[in-house]
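Work through the following exercises with the sequence and the structure at hand, and attempt each task before reading its solution.

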Amino acid sequence: MLPTDEPLSHLGPSLLLLLQLQLLLAPASAFFPNIWSLLAAPGSITHQDLTEEAALNVTLQLFLEQPPPGRPPLRLEDFLGRTLLADNLFAAYFGPGSPSRRFRAALGEVSRANAAQDFLPTSRNDPDLHFDAERLGQGRARLVGALGETVVAARALDHSLARQRLGAALHALQDFYSHSNWVELGEQQPHPHLLWPRQGLRNLAQVDDPTCSDCDEWSCPGNLLGFTLLTSGYFGTHPSKPPGFGPVFTTSDPDSFWQQLNEIHALGGGDEPEMCLSALELALQHTPPLSDIFVFTDASPKDAFLTNRVESLTQERRCRVTFLLTEDPSRVQGRPRREVLSPLRFEPYEAVALASGGEVIFTKDQYIQDVAAIVGDSVADLVTLPLEPPVVVPERPLVFSVDGLLQRVTVRIHGEVSSFWIRNPAGVSQGQEEGEGPLGHTRRFGQFWMVRMNDPLQTGTWEIQVTAKGTPRVRVQAQTSLDFLFHFGIPMEDGPHPGLYPLTQPVAGLQTQLLVEVTGLGSRGNPGDPLPHFSHVVLRGVPHGAELGRVPLEPMGPRERGLLAASLPPTLLSTAGPFSLELIGQDGVGQGLHRVAPQPCAVVPVLLELSGPPGFLAPGTEAPLSLRIASFSGPQDLDLRTSVNPSFALTSNLSRVRLEQNESAWGCLWLKVPDTATSDSVVMVTVTAMDREASTVPPTHTFLRLLVRGPTPQDQLPAPVHSTDPVLTTTSPAFHLSTLVTPGRAGGGLVGNPWWGTVGAVLLLLGLASW
């Protein structure tokens, strides 16, 4: 809840400092959405630039105020005159090699949510969200509301949603100073009442006041008419279903976690199957992005129909799922069964693990703690090295490369293995015997082997040969600070906001841009060493590893920033299916570098866009949602299905659509929030599009998270002075109650340590809270 007679000081001084830096860094001109806008306006300052620069400055100030325990304090002069990078900050504060990947990913969530305000159909043309159309009072109300929702979402432990709402708030804050004439009025300090919930904005221009001359250009210098009032520009036009699984338990307290875990007991036994994927879906909805999820079970899924949806959700959240099964899939004796079990009953787990970059590990009860400990230790801050071929082929060795930036290489093998050996580039080999060998230390737990290689590692090409019954699993991992993040998007050159419209997955037949963020460039052992260089990405089909294509990378901005871009032609993404993304380059001395994304991507057959009201949902109300489906690769005959968690009433006017190539369809959904809905909770709406004719084409899913929040007195702000318009706290877009199918350009309308307390105040939303 927001206080009634004080500013948003409950957000903490660090977050307020972030808001202030947004103002100090902002020039007196309009901002483009994100880095892709530089294609249309080179040299511009973008919303993304402002957000990231402000967050890094706040992080530096906090690191200066709170020296790290056991390490010398940071000095401001070491950072003056240099480009401020997350890698450098983390290396200076936590020590060389400290990974910044999750921090940068979380910061990217905030900045991309900021930029998305210029693209989403429910926000891009809403003047209240951009301080346009002389609606500064209403815009202030929405800004304060977004900041309040940020806190509510954080208290609900949905930090991803909190970061999204923070990004939206920062976008509005930046737009106030770029879309209004506050700076042109000679003001050099932030507006004193902008973040005060109960202070009205004074001296506001009205809609019929002449304030500026017409302008059709990107920049309009000198078009203000000497106006002394604050003005803005004009831009663009009942009971819930009880759970058969859950409820979810979330905590950041390790003691509470273990207490809850120890209270879980098996009841009975012998029941097969179970609602495993439903529980996994619930966990994914409440798990921060870039997390590792472990599923412990001895039963196959009763809800296998959720397989595709859970696959898509793991990729949307970029979470890796590992299944540890305490039952051999080929043997079921010793347990009473009421029916004959299919040997394929664990395939849904295999599919989810493959889509998420995880594993399915079969073991026995006596080994489960040891195997779980090994697997758990191996996921933290490690990269998976690509194997060639990616799966075991009889009488053919698996090959992987070791470069000079890798440490703590481990090889894990599990399955019905009779023998294996590992060979380094010098020809030295080690077999499956347990204990210390010439290359490393081998441990075995039933059908699970782990070999931890000795450092320092010899660089070059290594080989693994496995002889086994069935298909054994092999995974090679290593510790390194050099890794990468990636994002997909569609360049938007027309319309009022040129830039990149973000995509979770590429769409078949659609020209797509790939943005790569290399992390760890500032964490090298010797900062004076030459920077690594990455030349291209390789796309490989999953699971067999056939090369689909190679795409060159172009640097975006300074090399030390690690931003690279590539254009993925429609021919490369012509058919739906999964693929892996590999980053190829060289280190500073010319040795090869090879990194692979932790999970595969998938080309989806159609584009689904689901959007809702920009504000929160109130109990006892009905919220309209907007759905768009577009096809770029050929005719599509689709069935549409919807679901919502919790089980609120959800209706739709669109259940089936047929699209030709480059056609789009629009539909409306209505979500009814019951009076009994829990305040400060999160609702997830899912829409699934399934091909009626091609059963082999996987469904396409889109997910939308919405926040339920009870109304508070502070949500109703007094009307601003000099204005007769009512103050609105939420707006709903106008929807057509019919389905539209339009030919032509389908892409044209895309839319325990006390020292940590102060640091965590601002970095909570930037990912450190989930470490």
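Helices here are DSSP runs of H or I with at least four residues, numbered from the N terminus. The model is a predicted one, and every solution below should be read with that in mind.

**Exercise 1.** Establish how far helix 3 is enclosed, and determine the sign of phi at the residue that follows helix 3.

*Solution.* Begin with the cut-off, since a residue counts as buried when its relative accessible area is under 20%. In helix 3, which spans residues 86-94, seven of the nine residues are buried, so this helix is largely enclosed by the rest of the structure. The buried residues are A86, D87, N88, L89, F90, A91 and Y93. Then step past the end of the helix to G95, where phi is positive, near 115 degrees.

**Exercise 2.** Apply the reasoning about burial to helix 8, residues 276-285.

*Solution.* Listing the buried positions gives C276, L277, S278, L280, E281, L282, L284 and Q285. That is eight of the 10 residues, and helix 8 is therefore largely enclosed by the rest of the structure.

**Exercise 3.** Describe how helix 5 and helix 6 pack, giving their angle, their axis distance and the residues through which they meet.

*Solution.* Two packed helices are described by the angle between their axes and by the distance between those axes. For helix 5 (residues 136-155) and helix 6 (residues 159-179), the angle is about 155 degrees and the axes lie 8 Å apart. Because angles over 145 degrees count as roughly antiparallel, the two helices are roughly antiparallel to each other. Helix 5 passes helix 6 in a left-handed crossing. On the helix 5 side the contacts include L143, A146, L147 and T150, while those on the helix 6 side include L166, A169, L173 and F176.

**Exercise 4.** Determine which side chains of strand 1 are buried, and trace the chain from strand 1 to strand 2.

*Solution.* The side chains alternate along strand 1 (residues 292-297): I293, V295 and T297 point to one face and are buried, whereas D292, F294 and F296 point to the other and are not. Strand 1 pairs with strand 2 (residues 320-325) in the parallel sense over six bridges, and F296 stands opposite L324. Between these strands the chain passes through helix 9 (residues 307-317), giving a right-handed β-α-β crossover.

**Exercise 5.** Place A508 in its surroundings.

*Solution.* A508 lies in the loop between strand 13 and strand 14, and with 2% relative accessibility it counts as buried. Although A508 and A576 are 68 residues apart in sequence, their C-alpha atoms are 6.0 Å apart. Beyond its neighbours within four places in sequence, A508 contacts L573, S574, V603, V604, P605, F632 and S633.

Conventions: Residues numbered from 1 in each chain as written. Predicted model: local features only at pLDDT ≥ 70, side-chain atom pairs only at ≥ 80, totals over all residues. Heavy atoms only, no water. Buried < 20%, exposed > 50% of the residue type's maximum accessible area, 1.4 Å probe, protein only. Pairing = 2+ DSSP bridges. Right-handed = clockwise from strand over helix to strand, strands pointing away. Axes fitted to C-alpha atoms, helices over the stretch in contact; angles between N-to-C directions. Parallel < 35°, antiparallel > 145°, perpendicular 65-115°, else oblique. Left-handed = near helix turned anticlockwise from the far one by under 90°. Contact = heavy atoms within 4.5 Å.
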